[in-house]
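Please open the model in a viewer and keep the sequence panel visible. The tour below proceeds by selection, each stop giving what to pick and what is found there.

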Amino acid sequence: MIKVYTIGGYEEVGKNMTAIEYENEVIIIDMGIRLDRVLIHEDVNFQQMSSRDLRKLGAIPDDTSIRNKKVVAIALSHGHLDHIGAIAKLAPHYSNVPIYGTPYTIKLAKGEVRSEQYFEVTNPMYETQYGEIVQVSENLAIEFVQITHSIPHSSMVVIHTPEGAVVYACDYKFDNHNPLGEKPDYKRLKEIGQEGVKILIPESTRVAEQTKTPSEASAKLLLEDFFYYEGMEEKGLITTTFASHIARLQELIEIANNMGRQAVLIGRSLAKYTGIAKQLGLIKMKGAKAVRSPAAVQKTLREVSQARENYLLIVTGHQGEPGAILTRMASGELYDIGKNDTVVFSAGVIPNPLNIAQRYALETKLRMRGVRMVKDLHVSGHSSREDHRYLIKLLNPENIIPAHGEFRMLTYYAELAEEEGYLIGRDVFVSRNGYKVDVR
């Protein structure tokens with residue numbers, strides 16, 4: 001029997017954490033944070049807080065159900081904070097248990113550990129290559145299978161057991177034209193399906209959308225169609241997107257170069273993600289620069305404001321986050337943003353009430369300043385209904401446990417599974433945070 005502990009991400013989009021138990025040994029997959037539960041409180045320093053206090057806020061998963069289990073490994077699917085943001089808070093509960101992930105993911109996780117101020121994290125971290133199978137105990141092994149998402153080195157985590165594979169597919173989409181050259185490993189996924197998949201644990205964030213998620217190449221075309229139109233005379237051009245979306249940032253840098261402008265990336269998170277990507281050869285910063293320290297930010301923006309037509313600013317703040325560069329600009333700080341500026345949102349609004357409210361406030365402030373706004377030059381990194389249908393057919397899993405979504409999203413996935421011949425309660429299990437599903 002395989003036991004699946006649905007610890008976090010089964011009632012919300014965020015704080016993802018799942019544990020797989022076989023023969024009294026446990027592998028944990030992901031340790032994420034729900035950032036809006038931290039941001040809603042003023043003067044909260046996440047790095048200085050205990051895991052107990054953060055659990056009370058609902059910001060990190062409540063892992064007490066597995067705290068006394070024999071955990072043999074921790075696997076990270078990719079580097080987004082809703083999957084690795086709680087590493088420094090929760091990994092110390094499993095002292096010295098090794099953490100595995102792809103190179104970009106592990107480097108980001110090490111950054112989270114370095115910034116931690118409450119706990120000492122002693123867990124060794126290992127960079128694992130696609131296709132490598134890591135035997136973590138006599139019965140359990142971990143494999144990372146290449147997939148495409150909105151951050152480099154994303155993977156489906158496969159837990160190999162004597163009863164079959166457990167495939168954790170949070171997050172992914174099938175992108176065959178990714179500008180970074182990354183492609184889903186269809187061959188290996190098909191092989192794993194033929195070998196036997198006992199349980200599929202898929203994300204459900206966009207499963208209600210009856211389409212296939214477009215390629216990142218579509219976002220590139222959207223951006224090029226806007227920036228390259230004949231008669232482009234805008235002086236101030238400001239863009240904002242996810243700091244971890246390296247493919248999108250590369251596209252914007254190339255666009256700036258082709259327009260004869262300098263791309264200037266402003267904000268701590270942009271500097272962090274692109275810095276690591278540059279180390280791994282995942283981004284080319286030709287002609288671009290990244291600025292992060294407060295003094296450098298102020299100096300750079302003063303220079304840009306004197307000759308706006310020479311720059312393409314790429315800034316943090318697409319969700320209206322307090323303290324982000326675009327949010328501060330809209331509030332009259334740092335930069336005299338106004339009618340001579342165009343702000344391009346190359347990011348969607350994360351679907352929770354706080355983000356929606358913050359984005360509304362940001363747009364209202366920008367509108368009051370006379371800023372021209374261009375929205376939704378973006379495609380999602382999450383799979384839609386037809387991506388999910390294809391994955392089910394590819395893997396032919398015996399059982400499905402939807403994850404990574406609010407309860408209504410999980411039930412939408414269950415409906416799709418029933419279309420493919422599964423039945424809720426028999427081989428599709430809709431769970432909640434803190435529960436356990438026994439699969440025989």
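Begin with aspartate 30, which counts as buried because its relative accessibility is 0%, the limit for that class being under 20%. The model is a predicted one. Aspartate 30 sits in the loop between strand E3 (25–29) and helix H1 (36–39). Its phi is near 70 degrees, a positive value in a residue other than glycine. As background to this stop, most residues other than glycine have a negative phi, and most peptide bonds are trans.

Next, select leucine 334, in the loop between helix H11 (325–330) and strand E16 (341–345). Leucine 334 is not a glycine, yet it has a positive phi of about 70 degrees. With 23% relative accessibility, leucine 334 counts as partly exposed.

Move to cysteine 170 and aspartate 171, and display the backbone. A cis peptide bond joins cysteine 170 and aspartate 171, with omega at about 15 degrees. Aspartate 171 belongs to the loop between strand E10 (164–169) and helix H6 (186–195).

Now show the aromatic side chains. How many aromatic pairs does the structure hold? There are seven aromatic pairs in the structure. One of them is formed by tyrosine 172 and phenylalanine 174, edge-to-face, at 5.4 Å centre to centre and with 70 degrees between the planes. Tyrosine 172 and phenylalanine 174 are both buried. Add Tyr186 and Tyr390 to the selection: Tyr172, Phe174, Tyr186 and Tyr390 form one aromatic cluster.

Continue to helix H7 (residues 216–227). Helix H7 has 12 residues and reaches 17 Å from its first C-alpha to its last, close to the 16 Å expected at 1.5 Å a residue. Colour Glu216, Ala219, Leu223, Phe226 and Phe227, the buried residues of H7. Viewed down the axis of H7, these buried residues fall within an arc of 90 degrees, so they line one face of the helix. The general background is that an α-helix has 3.6 residues a turn, so residues three or four places apart point the same way.

Stay on H7 for phenylalanine 226 and phenylalanine 227, both of them buried. Phenylalanine 226 and phenylalanine 227 form an edge-to-face aromatic pair, 5.0 Å centre to centre, with 75 degrees between the planes.

For the next stop, select Pro179, Leu180, Lys220, Ala247, Gln250, Glu251, Glu254, Gly281, Leu282, Ile283 and Lys284, which line the second largest pocket. The volume of this pocket is about 200 Å³. Which helix gives the largest share of its lining? Helix H8 (residues 246–259) does, with four residues. By class, the lining has five nonpolar, two polar and four charged residues.

Finish at helix H12 (residues 353–368). The 16 residues of H12 should span 22 Å at 1.5 Å a residue, and the end C-alpha atoms are 23 Å apart, which agrees. Which residues of H12 are buried? They are Leu354, Asn355, Gln358, Arg359, Leu362, Glu363 and Leu366. Seen down the axis of H12, the buried residues fall within an arc of 160 degrees, so they line one face of the helix. Rotate to the face turned away from this buried side, where the exposed residues Pro353, Tyr360 and Met368 are carried. Just after H12, select glycine 370, whose phi is positive at about 80 degrees.

Key: Residues numbered from 1 in each chain as written. Heavy atoms only, no water. 1 Å grid on protein atoms, 1.4 Å probe; cavity = no way out; pocket = protein on both sides within 12 Å on 5 of 7 lines; lining within 4 Å. Points joined across faces, edges and corners; volume = space filled by probe spheres on them. Helix = DSSP H or I, 4+ residues; strand = E, 2+ residues; numbered from the N terminus. Nonpolar A, V, L, I, M, F, W, Y, C, P; charged D, E, K, R; others polar. Expected span 1.5 Å × (residues − 1). Buried < 20%, exposed > 50% of the residue type's maximum accessible area, 1.4 Å probe, protein only. Arc of directions from axis to C-beta. Phe/Tyr/Trp six-rings, centres within 6.5 Å; stacked < 30°, edge-to-face > 60°.
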